[in-house]
Amino acid sequence: MNIIDSKIKTVLTYGTFDLLHYGHLEILRRASLLGDKLIVGVSTDKFNKTKGKTCVLPYKKRKELLESIDYVDKVIPEDSWDQKIIDIKDNDIDIFVIGDDWKGKFDILKEFCKVIYLVRTKGISSSKLKSILKD
Ligand code: C2G
């Protein structure tokens, strides 16, 4: 096996991951199977405000929950839309993954690594859970 084959493959994905549910777990599990190491960028509370999103769980708790998942190797804060290229270079990323609700939105990253859009899990979302919690 030559040197190139032995390079560990690092996968990167991002999200808010509020009220962690099986849709999140599914995309993280599938992302982790694409490589040897999975890094997850989690939107900070401040950044979510710019996305017009308010979370039930604060950043610290969302980070802790993700760090407790076996196939998540590292969690980094997502503070802005334009940090992805820096994160890809800083972490020597081979594959960028995100749900197909973002289809095409991150094609620009193809210059730096492989970009894969995975099909979202149907029937579950944080907003759906929030509406149930409200009732
Ligand atoms: N997801 C999924 N199936 C669901 C819900 C979410 O596969 N039923 C995926 C989304 O497609 C995304 C990830 O889980 O890849 C996290 O989803 P959100 O927490 O909704 O993330 P979002 O607010 O879209 O943030 O810079 C990118 C943003 O941070 C993405």
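Helices (H or I, at least four residues) and strands (E, at least two) are DSSP runs, numbered from the N terminus. The model is predicted: local features need pLDDT of at least 70, side-chain atom pairs count only at pLDDT 80 or more, and totals for chains, interfaces and linings use all residues. Residues are numbered from 1 along each chain as its sequence is written, and side-chain values use heavy atoms, with hydrogens and water left out.

**View A. Asparagine 91 in the loop between helix H5 (84-90) and E4.** Asparagine 91 counts as buried at 16% relative accessibility. Buried means under 20% relative accessible area, exposed over 50%, and partly exposed in between (1.4 Å probe, protein chains only). The side chains of asparagine 91 and lysine 74 are joined by a polar contact of 3.0 Å. A polar contact is a pair of N or O atoms within 3.5 Å; within protein, one must be able to donate a hydrogen and the other to accept it, and residues adjacent in sequence count only if both atoms are side-chain atoms. The asparagine 91 side chain also reaches the backbone oxygen of aspartate 87, at 2.8 Å. Beyond its neighbours within four places in sequence, asparagine 91 is in contact (heavy atoms within 4.5 Å) with Thr10, Ile39 and Lys74.

**View B. Helix H2 (residues 22-33) and its buried face.** H2 has 12 residues, and at 1.5 Å a residue they should span 16 Å. The expected span is 1.5 Å times one less than the number of residues. The end C-alpha atoms of H2 are 16 Å apart, which agrees. Buried in H2 are Gly23, His24, Ile27, Leu28, Ala31 and Ser32. Seen down the axis, the buried residues of H2 fall within an arc of 165°, so they line one face of the helix. The arc is that of the directions from the helix axis to the C-beta atoms. An α-helix has 3.6 residues a turn, so residues three or four places apart point the same way. The buried residues of H2 pack against strands E1 (10-15), E2 (37-43), E4 (95-99) and E5 (114-118), and against helices H4 (59-67) and H6 (126-134).

**View C. The buried side of H4.** Tyr59, Arg62 and Leu66 are the buried residues of H4. They cover an arc of only 70° around the axis, which puts them on the same side of H4. Their cover includes H2, E2, helix H3 (45-50) and strand E3 (74-78).

**View D. Leucine 38 in strand E2.** Leucine 38 is buried, with a relative accessible area of 0%. Leaving aside neighbours within four places in sequence, its contacts include Val11, Thr13, Leu28, Ala31 and Ser32. Tyr71, Val72, Asp73 and Lys74 are also in contact with leucine 38. Phenylalanine 96 is 58 residues from leucine 38 along the chain, and their C-alpha atoms are separated by 10.0 Å.

**View E. Threonine 16 in the loop between E1 and H2.** Threonine 16 is buried, at a relative accessible area of 9%. Outside its neighbours within four places in sequence, threonine 16 is in contact with residues including Val42, Ser43, Asn48 and Arg62.

**View F. The ligand and its surroundings.** The ligand is surrounded by 21 residues (one heavy atom within 4 Å); the closest are Lys53, Glu78, Lys84, Asp101 and Ile124. A ligand oxygen atom is 2.7 Å from an N or O atom in the side chain of lysine 84. A ligand nitrogen atom lies 2.8 Å from a backbone N or O atom of threonine 121. For isoleucine 124, a backbone N or O atom lies 2.6 Å from a nitrogen atom of the ligand. The protein covers 96% of the 640 Å² of accessible area that the ligand has on its own (Shrake-Rupley method, 1.4 Å probe; for residues, only the protein chains shown count as cover).
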